[in-house]
Amino acid sequence: MSFLNLSRRAALALTAAAAVALGGLSPATAQTPPGVLVVGQIAEPQALDPHAVTAVNDFRILMNVYDGLVRYASGTLEVEPALATDWTISDDGTVYTFTLREGVSFHDGSPFNAEAVVFNFERMLNEDHPFHDTGPFPLSFFFSSVDSVEATGDMEVTFTLSEPYAPFLSNLAYPTGLIVSPAAVEQYGADFGRNPSGTGAFRFEEWRSNEAVVVVANPDYWDGAPALEAVVFRPITDANTRTAEMLAGGIDVMVEVPPVALGEFEGDAFTIHEQAGPHVWFLILNALEGPFADVRVRQAANYAVNREAIVNDVLEGTAEVAAGPTPPAFAWAYNDELEPYPYDPDRARELLAEAGMENPEITFYVTEGGSGMLDPIAMGTAIQADLEAVGFDVTIETYEWNTFLGRVNPGLEGEADMAEMAWMTNDPDTLPYLALRTAAWPDQGGFNSGYYSNPEVDALLEEARTATDQDRRAELYREMQVIVQEDAPWVFVANWVQNAVTNDRVEGFGLEPSFFLLLHDVAKN
Amino acid sequence: MAGYILKRLLSAIPVLIGISVIVFLIMAMIPGDPATAILGSYATPENVAALNEDLGLDEPLVTRYFIWLSNMVQGDFGRSFALNRPVLDEVLERFGATLVLAGTAFVLCSVFGIAAGVISAANQYGFGDKAITFVVLLGISIPSFFLGMMMILIFAVNLRWFPVSGMWPIFGDRTIWVLLDHLAMPAIALAVVATGVVARLSRSAMLEVLRQDFIRTARAKGVRENSVIWRHALRAAMVSIIPVLGIQAGFVLSGAVYIEMVFQWPGVGRMLVDAILRRDILLVQGGVVFIAACYVLFNIAVDVAQSLLDPRIKT
């Protein structure tokens, strides 16, 4: 039949056309150029205004475009001078006076001085400031203890706090404390977040929506020009696609590599970087009612969970076993003598028997995923199995992250006995102060969703927050960790080890315990 | 004809209002709010209340709906909380990318689907028919996101024929050729299932027509077989194929969501997924209403096209 001839011809023609159109177009996946680092990010940034954003993903860009008055010294969580060269603190801990660095300009050419610093904090904190409406500023409460900020000289700024607040300096090192160009805010208003200008090692060049944010080297950077010519931040939300891009050479750096994908990057072509950070993954236990109201049952849960198996098998080594409420990354405040609860199912059974509860029934809130939550479903299932092995009867209820927060943050009373949770913080004060004090129960606006209460811990945390001497603070935090571990208001599970992969063209790359991505010293061939 | 089109356009208005009410209520009812999503770990009731006030979410529900609707009628879709830019700018930009992807997939599935269906029908129970039916079934059975991932693994990571993801290269010029290079894999992955559906329905539509008297008449008076199939029969079959294409257009648009996630295509589907996870209320509402409006218009166009093809369909 002639028809078949035609169809064959037609099919051939179509196939040929398709092959020409699809295959022979261009040498696909060209190598990325030298001197230009392409970073695979986990999402599109929300804005490049450091006062308006909350996501670690955005911080990775911001920390390279802006500076704060102070910053974390490389490899630590201790502050060192940045835009301020030094500072003094009054004896009562309420007046901080900063001397500013001379000769620094914003990328838009306007000068950095005391007036600029005052503008930054007034914009965030003072509702009557003409540019306060360029917000909202969700993390401005980091500085809620600031009563006033004044330019007491051309290059001197004085902050007066309403009460002594020791985390003030480390909050200044956090992205919320980064200094933006007042001239750029005045020019762009609410669109400043897409037209950012700071003093950092890289200058903002271009934001192509959903494709890339491009920053180029600032040759006049006060801390020396960066080795790279430019950095391209690409949002690739799907972890499998991000892995494929890294393997195909489309990106040079990949952050937050999924544990299951790590095996792809063994070998000489890639380097895996790891760094434990100020993160803790724990289970909130409802100490108000139900089985966990008895401290022995809470301790039993801590003995029953096989943390080693969770960090090594479920998380493939992307976390370390947590011993207490404070992550070891806060080296100066961490109590080295604290040993994690050992995995001891027999001891757990004994404690349950002592408490007269061989088979306590518990409801366990699990989330599908969320900031810092690692692999919550797999971890939740492993924990359920461990607890059931010693006699608990565990019912899991799983919720999407925002729904989950909406159920957990108002408190577990009448709802559940146990819930997953994770925090990343920048000061050892933050998490225990917001989640372990009696005055931080949910009805008082805190995050103590398990209703833990110990007056001794309350007193230690209050004093640690107001003490200005770091050694004294460290002593108080160490004491707090011992008591909290013994009281077991949480099951302390894991501290996240953040990872990243670089290809063999990247040099000088390292992760920071702050979880920030600092590219000033990175080079690429 | 003009009267018919006008009537159809007017009847679309209550549909769109209904959609706006539904999407507004869904966004109001789902647990979690933008302030909680933005604040994450720091979402104390106090911080949430303060941020909600800043975002204007402390107004009563009905007031919020009418403010939103009246602004939207005037062309103001509001500002996205999460992206800090006007909703309409974002939606238009992203919708353009989706149209390129879904449009290409739609053309692919129409051309290849109809061609496969016609060839199948013309060779009923022959080798060509069986081969095509087998391939078509395979295509319908593979989930498109899985196909997409496999294509990335084989053609991008191993063979390096195509870029892994994105719409444009990070470096270099933006030409039609590099666009096609980036478009090839996602468009094919998206088109595969729809092609199968179109092929199967085209086949049965053609078989129906081929049994009719006028085809026998055409053959009897010596019209060449090619002409019988492609000119006489296909034209008659198109009346029942076009509505299927209309449905497939909607299918391709919604299927684009997965494909956009896998291939990181900067389209409106990926935008909506991100926006829902961030509880970016105005972006979700504006995006859904915009897409619904486009879909309604497209359906009107399909009906009009059908009535042009077949005068028996009353206008």
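Before you click anything, one definition: two strands pair if DSSP finds at least two bridges between them. Helices (H or I, at least four residues) and strands (E, at least two) are DSSP runs, numbered from the N terminus.

What you have open is a predicted model, in which local features need pLDDT of at least 70 and side-chain atom pairs count only at pLDDT 80 or more, while totals for chains, interfaces and linings use all residues. Residues are numbered from 1 along each chain as its sequence is written, and chains are lettered from A and ligands numbered from 1 in the order in which they are written.

**Stop 1: chain A as a whole**

Select chain A and zoom out. You should find 14 helices and 20 strands, with the C-alpha atoms filling a box of roughly 85 × 80 × 40 Å along the principal axes. The radius of gyration (taken over C-alpha atoms) is 26 Å; a compact globule of 525 residues would come out near 24 Å, so the two agree. That globule rule is 2.2 Å times the number of residues to the power 0.38.

In chain A, 52% of the 525 residues count as buried. Buried here asks for 20 or more other C-beta atoms within 10 Å of a residue's own; 12 or fewer makes it exposed, anything in between is partly exposed, and the C-beta atoms are placed from the backbone.

**Stop 2: a four-stranded sheet**

Now pick strands 4, 5, 6 and 7 of chain A. They form an open, antiparallel sheet in the order 4-5-7-6. Strand 4 (84–89) and strand 6 (146–153) of chain A are the edges: each has a single partner strand, so one side of each has no neighbour in the sheet. From one strand to the next, the twist averages 20 degrees.

Zoom in on strand 4 and strand 5 (residues 95–100) of chain A, which run antiparallel and are joined by 5 bridges. Which residue of strand 5 of chain A is the bridge partner of A:A84? Click A:L100, and you have it.

Add helix 3 (residues 114–125) of chain A. This helix lies across strand 5, strand 6 and strand 7 (156–161) of chain A, at about 165 degrees to strand 6. Such angles run from 0 to 180 degrees between N-to-C directions, with axes being lines fitted to C-alpha atoms, for helices over the stretch in contact.

**Stop 3: strand 13 and its partners**

Select residues 279–285 of chain A. This is strand 13, and 7 of its 7 residues are buried, so it is largely enclosed by the rest of the structure. Show the side chains: A:H279, A:W281, A:L283 and A:L285 point one way, and A:V280, A:F282 and A:I284 point the other.

Strand 17 (residues 418–424) of chain A runs antiparallel to strand 13 of chain A, with 7 bridges between them; A:L283 has A:E420 as its bridge partner there. Strand 18 of chain A is also antiparallel to strand 13, through 4 bridges, and in strand 18 A:W490 stands opposite A:I284.

While you are in strand 18 of chain A, click A:N495. Is this residue buried or exposed? It has 23 C-beta neighbours inside 10 Å, so A:N495 counts as buried. Beyond four places in sequence, its contacts include A:H279, A:V280, A:E320 and A:P327. Contact means that two C-beta atoms, placed from the backbone, lie within 7 Å.

**Stop 4: where chain A meets chain B**

Turn on chain B. The contact takes 50 residues from chain A and 53 residues from chain B. On the chain A side, helix 1 (2–22), strand 10 (230–235), helix 6 (239–248) and helix 11 (401–408) each supply at least two residues.

Select helix 6 of chain A: 8 of its 10 residues are buried, among them A:R242, A:E245 and A:M246. The cover includes strand 1 (36–41), strand 11 (253–255) and strand 18 (490–503) of chain A, together with helix 7 (144–158) and helix 10 (225–263) of chain B. Just past the helix, look at A:G249, with a positive phi of about 85 degrees.

**Stop 5: a helix pair in chain B**

Finish with helix 5 (residues 87–122) and helix 11 (residues 268–277) of chain B, which pack at about 130 degrees with axes 7 Å apart. The two helices are therefore oblique to each other. By the cut-offs used, under 35 degrees is roughly parallel, over 145 roughly antiparallel, 65 to 115 roughly perpendicular, and the rest oblique. To see the contact, show B:E90, B:V91, B:R94, B:F95 and B:T98 of helix 5 of chain B against B:V268, B:G269 and B:M271 of helix 11 of chain B.
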